[in-house]
Amino acid sequence: MSFLARANKKGVRAGAAVVASAAAVAATVWGVAVLVGPGGTAASQHNVARPGDGGDGRPGQQPQGIPQGIAHASESGGNAVNITIDDGPDPRWTPKVLDVLRRHDAKATFCMVGPQAKAHPDLVKKVVAAGHRLCDHTMNHDTAMDKKPVAYQEQQILDAKKLIEEAAGGGAQVEYYRAPGGAFTPDSRRIAAAHGMRPLGWNVDTKDFDKPGTAAIVNAVKREIGNGPTVLFHDGGGNRSQTVDALDQVLSWLKEQGRPTGFPVRTAPDSPDASDAPDASATSTAP
């Protein structure tokens, strides 16, 4: 074998070794399991959703057309109002909320907490069967998520999504992600969008979680609806009788105003006020 041939052969072997080494490193990086310790500390943050992948390192899984910006507008445009219901499903109050929505022929987006969905799959299925949409509201409703490691944020978002979709069955999808207390981060918004969920904000906080009285909840909607079309209610977290009564009155009032209900945008461009800080209107006192 000539000197030149031997050199070329060695070069090929060296190149193959480099490729194999790089592959091993990549496999190590993306194969690391995320270990979340007490208080949300993480032993590793490698397995994080990135643009162009599904969060597990596999390319080509990012759904097309889901912006990372926080949505507030209604996909129906015009005077349409987005009714959003947080913290359920709850076996006592979610059926009552569904009944009010049915009587008014109204639609809503239900932002569910993962363990609640797992505990009450029948209610999740009823929400879907009635034509409403599902939203991921994390596993533990941690309003300090924006101060936690990325791996913790990912776990909170993706574990809840899995539980909600399993509870819904029938191929139902979770189409939105709402950070507890509006505590969005660049990473949480990116993770949500990479998995087909539009980050969802709100414009009107009814303060119904504090049970200020039915009239106060209704007046909050009338007073603040000029801020934008997405209204925040709750069907979980305690006695929601005031919410049920207020929702009934609000829907009657909206009908008088000629304002139909709809769903938040999913594929429109990023909202001008989409930011990495908590939602501009995130004044909810929900835990």
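1. Secondary structure. The protein chain has eight helices and seven strands in this predicted model. Of its 287 residues, 49% count as buried. Among contacts with a separation of 6 or more, 77% are between residues 24 or more positions apart.

2. Confidence. The average pLDDT of the protein chain is 80, and 71% of the residues score at least 70. Two stretches stay under 50. One is residues 1-62, for which the model has 71 contacts beyond four places in sequence. The other is residues 273-287, with 44 such contacts. Where pLDDT is low, the predicted coordinates should not be read in detail. Helix α1 is given as residues 3-31, and these numbers fall in the stretch 1-62 where pLDDT stays under 50.

3. The main core. The largest nonpolar core has 46 residues. Ile83, Phe110, Leu134 and Phe233 are the ones with the most contacts inside this core. Helix α8, residues 241-256, gives the most to the core, namely seven residues. In soluble globular proteins, nonpolar side chains tend to be buried together.

4. A second core. Separate from the main one is a core of five residues. Its members include Cys111, Cys135, Tyr176 and Leu200.

5. The surroundings of Leu134. Leaving aside residues up to four places away in sequence, what does Leu134 touch? Its contacts include Phe110 and Met112, then Val124, Val127 and Val128. Further along the chain, Leu134 also touches Ile164, Ala168 and Ala172, and then the run Gln173, Val174, Glu175 and Tyr176. Phe110 is, with Leu134, among the residues with the most contacts inside the largest core. Tyr176, by contrast, is listed in the second core.

6. Helices α4 and α5. At what angle do α4 and α5 pack? Helix α4 (residues 121-129) and helix α5 (residues 150-168) pack at about 75 degrees, and their axes are 7 Å apart. The two are therefore roughly perpendicular. On the α4 side the contact is made by Pro121, Val124, Lys125 and Val128, which meet Ile164, Ala167 and Ala168 of α5. By class, this contact has six nonpolar residues, no polar ones and one charged one. Val124 and Val128 of α4, and Ile164 and Ala168 of α5, also take part in the contacts of Leu134.

7. Helix α6. Is α6 mostly covered or mostly open? This helix, residues 186-194, is mostly covered, with seven of its nine residues buried. The buried residues are Ser188, Arg189, Arg190, Ile191, Ala192, Ala193 and Ala194, so two arginines are included in the list. Their cover includes helix α5 and the strands β4 (174-177) and β5 (198-199). Just after α6, Gly196 takes a positive phi of about 85 degrees.

8. A cis peptide bond. Gly88 and Pro89 are joined by a cis peptide bond, with omega about 5 degrees. Pro89 lies in the loop between β1 (82-88) and α2 (94-103).

9. Positive phi outside glycine. Thr138 has a phi near 75 degrees, a positive value in a residue other than glycine. Its place is the loop between β3 (133-136) and α5, and with a relative accessible area of 0% Thr138 is buried. Lys211 also has a positive phi, near 55 degrees, and sits in the loop between β6 (204-205) and α7 (214-224). Is Lys211 buried or partly exposed? At 43% relative accessibility, Lys211 counts as partly exposed.

10. Two loop residues and their distant partners. Trp202 lies in the loop between β5 and β6. At 2% relative accessibility, which is under the 20% limit, Trp202 counts as buried. Its C-alpha atom is separated by 8.4 Å from that of Thr84, although the two are 118 residues apart along the chain. Gly78 is found in the loop between α1 and β1 and, at 79% relative accessibility, counts as exposed. The C-alpha atoms of Gly78 and Pro260 are separated by 9.3 Å, with these positions 182 residues apart along the chain.

Notes: Residues are numbered from 1 along each chain as its sequence is written. Side-chain values use heavy atoms; hydrogens and water are left out. pLDDT is the predictor's confidence in each residue, from 0 to 100. Contact means heavy atoms within 4.5 Å. A nonpolar core is a set of buried Ala, Val, Leu, Ile, Met, Phe, Trp, Tyr and Cys residues joined through side-chain atoms within 4.5 Å. Buried means under 20% relative accessible area, exposed over 50%, partly exposed in between (1.4 Å probe, protein chains only). Helices (H or I, at least four residues) and strands (E, at least two) are DSSP runs, numbered from the N terminus. Axes are lines fitted to C-alpha atoms, for helices over the stretch in contact, and angles run from 0 to 180 degrees between N-to-C directions. Angles under 35 degrees count as roughly parallel, over 145 as roughly antiparallel, 65 to 115 as roughly perpendicular and the rest as oblique. Ala, Val, Leu, Ile, Met, Phe, Trp, Tyr, Cys and Pro count as nonpolar, Asp, Glu, Lys and Arg as charged, and the others, Gly among them, as polar.
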